[in-house]
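Subject: A structure for you to look at

Hello,

Here is the structure I promised to pass on to you. Please open it and keep it beside this email while you read.

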Amino acid sequence: MANFNAFIQNPELVQDWYAHRREILHRVKPNPGHYALVKLEELTQDFMLITQNIDDLHQTAGSGNIVELHGNIFKNYCITCGMRYDERDLPEQVSEIWLCECGGFVRPDVVWFGELLPAEEFQKAEQFCRRCDILLSVGTSGVVHPAAGLPLTAREGGAFIVEVNPEPTEISSMADVVFRQNAGTILPLIVDRLA
């Protein structure tokens, strides 16, 4: 479902699948790790949250300066004219094909397999990583490029790298500190120590 060819071949099926995913996400709440990042942003003069998540949970928790590398499932756009839509613009009947007023198909504003990351968002993330003092790598495998290269960019800029992940990753060997716990457990403890 997460590729352009599947969408073109059966837009109704793909749109329904994403509508179902949005329904599920409306029942999901941010965890303590999300809220710890909000608090960290409040404690920090220069903060950027760079995420590969598309679930909007960082915004729900209250984070402000967010770069969404893989888009946002609650945002959409027309593949013909580029007109933007958000979730409240969705048709009431999930089973009907969602068309733009120009007649083009409306798709979720998420990065599908085989697509490039949004250039402007990635550039913002990369520029921030070049100049940051500390980079927290939280819950990522470190294998999906180009996002996986951001910790290395930060390291080359002289940043202190902290990894938070229950499992070893590609980032582990370059990290200055590694916490082998989940984000919801360790991030609140780290932020409380800084407050």
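Below is what was found in it, one topic at a time. Please keep in mind that this is a predicted model.

**The largest pocket**

A good place to begin is with empty space. Rolling a probe the size of a water molecule over the atoms shows where such space is left. In this model the largest pocket has a volume of about 1200 Å³. Its lining is made of 45 residues, and Leu37, Leu135, Leu136, Ser137 and Val138 are the ones nearest the centre. Several elements give two or more residues to that lining, among them helix H3 (32-43), helix H5 (119-131), strand E6 (134-138) and helix H7 (183-194). Strands E1 (49-51), E7 (160-164) and E8 (177-179) also belong to that group, as does helix H6 (150-156). If you colour the lining by class, you will find 29 nonpolar, 13 polar and three charged residues.

**The second largest pocket**

The second largest pocket has a volume of about 450 Å³. It is lined by 20 residues, and His70, Val111, Trp112, Phe113 and Val144 lie closest to its centre. Which helix gives the largest share of this lining? That is helix H2 (residues 11-25), with three residues. The classes here are 11 nonpolar, seven polar and two charged residues.

**A patch on the surface**

Helix H2 has another point of interest, since Trp17 sits in it. Together with Met1 and Leu13, Trp17 makes a nonpolar surface patch of about 260 Å². The relative accessible area of Trp17 is 32%, so this residue counts as partly exposed.

**Salt bridges**

How many salt bridges does the structure hold? There are nine, and three of them are described here.

- Asp192 and Lys39 form one, with their closest N and O atoms 3.1 Å apart. Because Asp192 is in helix H7 and Lys39 in helix H3, this pair ties together parts that are 153 residues apart in sequence. Both ends are partly exposed: Asp192 has a relative accessibility of 46%, and Lys39 has one of 33%.
- Glu115 and Arg107 form another, at 2.7 Å from N to O. Is each partner buried or partly exposed? Glu115 is partly exposed, at 28% relative accessibility, whereas Arg107 is buried, with a relative accessible area of 2%. The cut-off behind that reasoning is that buried means under 20%.
- Arg155 and Asp176 form a third, with the closest N and O atoms 2.8 Å apart. This pair links distant parts of the chain, 21 residues apart: Arg155 is in helix H6, and Asp176 is in the loop between E7 and E8. Arg155 is partly exposed at 27%, and Asp176 is partly exposed at 38% relative accessibility.

**Two unusual spots in the backbone**

Most residues other than glycine have a negative phi, and most peptide bonds are trans. With that in mind, have a look at two places in the loops. The peptide bond that joins His145 and Pro146 is cis, with omega at about 10 degrees. You will find Pro146 in the loop between E6 and H6. The other place is Asp56, a residue other than glycine whose phi is positive, near 70 degrees. Asp56 lies in the loop between E1 and helix H4 (57-61).

**Two more loop residues**

Trp98 is in the loop between strand E4 (84-86) and strand E5 (106-110). With a relative accessibility of 8%, Trp98 counts as buried. Try picking Trp98 and Ile8 in your viewer: they are 90 residues apart in sequence, and their C-alpha atoms are 13 Å apart in space.

Gly149 is in the loop between E6 and H6. Its relative accessible area is 21%, so Gly149 counts as partly exposed. Gly149 and Gly184 are 35 residues apart in sequence, with 24 Å from C-alpha to C-alpha. These two pairs make a nice exercise in setting distance along the chain beside distance in space.

Enjoy exploring, and write back with any questions.

Best wishes

Technical notes
Residues are numbered from 1 along each chain as its sequence is written. This is a predicted model: local features need pLDDT of at least 70, side-chain atom pairs count only at pLDDT 80 or more; totals for chains, interfaces and linings use all residues. Side-chain values use heavy atoms; hydrogens and water are left out. On a 1 Å grid over the protein atoms alone, a cavity is a set of points where a 1.4 Å probe fits but cannot get out, and a pocket is an open set with protein on both sides within 12 Å along at least five of seven lines; lining residues have an atom within 4 Å of a point. Grid points are joined across faces, edges and corners, and a volume is the space filled by probe spheres set on the points. Helices (H or I, at least four residues) and strands (E, at least two) are DSSP runs, numbered from the N terminus. Ala, Val, Leu, Ile, Met, Phe, Trp, Tyr, Cys and Pro count as nonpolar, Asp, Glu, Lys and Arg as charged, and the others, Gly among them, as polar. Patches are made of residues with over 30% relative accessible area and no salt bridge: like charges are joined within 9 Å, nonpolar side chains (Val, Leu, Ile, Met, Phe, Trp, Tyr) within 5 Å. Accessible areas come from the Shrake-Rupley method with a 1.4 Å probe; for residues, only the protein chains shown count as cover. A salt bridge is a side-chain nitrogen of Lys or Arg within 4 Å of a carboxyl oxygen of Asp or Glu. Buried means under 20% relative accessible area, exposed over 50%, partly exposed in between (1.4 Å probe, protein chains only).
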